[in-house]
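Let's take a friendly walk through this protein. Have a look at the picture first, then read on.

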Amino acid sequence: MDYQIHAETSYIVKKVLLYISISLSTLLAQFDLYPVTDFFGGGIGYSPMYINIDKLPATDLLENIGLDPTKFDNPFVVHGGEGFAHMTGKWRIGGYAGTGSSSISSVIGDLKIWTDADTNGLVDAAELLAAADYTGSNAPTIEAKLSISLGAGSVEYIMPIFQDLEISAGALMGLGRLNVSIDQYAANPSWEKLFSFAYGDTSIKINGEETDITYLYEDDAGRTDPPLFAKNASGVMSDLSGTFFNFQPYVAVKWQLLDRVGLRISVGFNKGTIGQGRWKLNGRYLIGDSEEYTLQGVSFRTMLYLGL
């Protein structure tokens with residue numbers, strides 16, 4: 001009796017092991033294991049990047065002119081293109097380039113017209129009390145635009161799972177540029193006035209084939225070194241920009257959907273710093289007292305690519 005029970009138990013165990021082996025073989029047959037030999041190929045495609053920016057630049061200064069920085073797009077979207085190519089073994093290199101922007105605006109509603117009665121150049125309490133509401137139809141508008149441009153190369157190490165599925169870890173390194181433009185404008189734009197001298201008038205004389213232009217600035221005090229103000233400009237636009245080294249470590253998943261089409265998703269952390277005093281006005285003049293700013297946040301990239 002004991003021998004018979006032992007034989008039946010052995011038979012059942014062997015049968016279970018056989019079923020498990022067949023099941024595993026069937027499951028693995030659905031996927032081709034990644035080849036052990038080197039794999040060469042590459043791809044290119046559209047790759048939007050989403051950056052959840054921790055802190056935007058100059059938020060307190062933007063609030064001081066009536067703008068709400070929280071209305072900037074966040075996550076911030078950078079539209080770009082990406083390419084990659086296998087080099088040797090399980091190492092891959094690539095490149096990324098993209099740009100994106102977001103804008104906020106406000107129309108000034110509570111505008112007061114005041115008179116500098118004591119000519120001290122300051123708004124005193126009495127002058128503020130006597131200020132009248134603006135009744136014109138050209139209320140100023142203020143718009144701020146945040147733009148980010150990135151260009152970088154990447155290197156990563158591939159960890160294959162199956163032939164059509166792999167995980168990789170790497171880093172994106174390159175240069176970035178951040179622009180904050182502030183546009184303040186009143187009145188309807190006129191094409192001709194946009195090309196006029198903003199600080200005053202001009203006197204044009206034609207001498208044969210040459211044209212002599214004299215620029216005129218009016219000063220009631222008769223000074224020869226007065227501060228210059230844009231009297232004829234209906235709007236003022238300031239473009240603040242800074243360049244930084246961008247670094248983004250990431251982990252990516254690549255799935256080959258078809259023979260020449262695939263999907264790639266990566267998650268990382270982006271960081272780049274503009275040093276104190278390294279901001280420029282209109283791309284020309286360094287702003288010595290400008291603040292240090294670090295563009296950082298969790299980043300997410302998707303890529304639908306053509307290639308292998």
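## Getting started

A residue is called buried when its relative accessible area is under 20%, exposed when that value is over 50%, and partly exposed in between. Aspartate 60, with a relative accessible area of 44%, is therefore partly exposed. Keep in mind that this is a predicted model.

## The overall picture

Now for the whole chain. The protein's secondary structure consists of three helices and 15 strands. It has 308 residues, and 26% of them count as buried. The protein exposes about 20000 Å², with carbon and sulfur atoms supplying 60% of that.

How do the contacts spread along the sequence? Take the contacts between residues at least 6 apart in sequence: 71% of these join residues at least 24 apart.

## A negative patch outside

Back to aspartate 60, which sits in helix H2, residues 59–64. Together with Glu63, Asp68 and Glu291, Asp60 forms a negative surface patch.

## Salt bridges between strands

Opposite charges pair up here too: the count comes to six salt bridges. One of them links arginine 301 and glutamate 82, whose closest N and O atoms are 2.8 Å apart. Arginine 301 belongs to strand S15 (residues 293–307) and glutamate 82 to strand S3 (residues 76–88), so this pair ties together parts that are 219 residues apart in sequence.

Are these two partners buried or exposed? Arginine 301 has a relative accessibility of 1%, so it counts as buried. Glutamate 82 has 6%, so it counts as buried as well.

## Glutamate 166 and its partners

Which side chain does arginine 92 meet in a salt bridge? Its partner is glutamate 166, at 2.2 Å from N to O. Arginine 92 is in strand S4 (residues 91–107) and glutamate 166 is in strand S8 (residues 165–185), so the pair ties together parts 74 residues apart in sequence. Both arginine 92 and glutamate 166 are buried.

Glutamate 166 also meets lysine 254 in a salt bridge, this time at 4.0 Å from N to O. Lysine 254 lies in strand S11 (residues 235–256) and glutamate 166 in strand S8, so here the linked parts are 88 residues apart in sequence. Lysine 254 has a relative accessible area of 6%, so it is buried. Glutamate 166 comes in at 3% relative accessibility, so it counts as buried. Now put the pieces together: salt bridges that share partners join Glu82, Arg92, Glu156, Glu166, Lys254, Arg264 and Arg301 into one network.

Methods: Residues are numbered from 1 along each chain as its sequence is written. This is a predicted model: local features need pLDDT of at least 70, side-chain atom pairs count only at pLDDT 80 or more; totals for chains, interfaces and linings use all residues. Side-chain values use heavy atoms; hydrogens and water are left out. Patches are made of residues with over 30% relative accessible area and no salt bridge: like charges are joined within 9 Å, nonpolar side chains (Val, Leu, Ile, Met, Phe, Trp, Tyr) within 5 Å. Accessible areas come from the Shrake-Rupley method with a 1.4 Å probe; for residues, only the protein chains shown count as cover. Lys and Arg count as positive and Asp and Glu as negative; His and the chain ends are not counted. The place of a charge is taken as NZ of Lys, CZ of Arg, CG of Asp or CD of Glu. Helices (H or I, at least four residues) and strands (E, at least two) are DSSP runs, numbered from the N terminus. Buried means under 20% relative accessible area, exposed over 50%, partly exposed in between (1.4 Å probe, protein chains only). Contact means heavy atoms within 4.5 Å.
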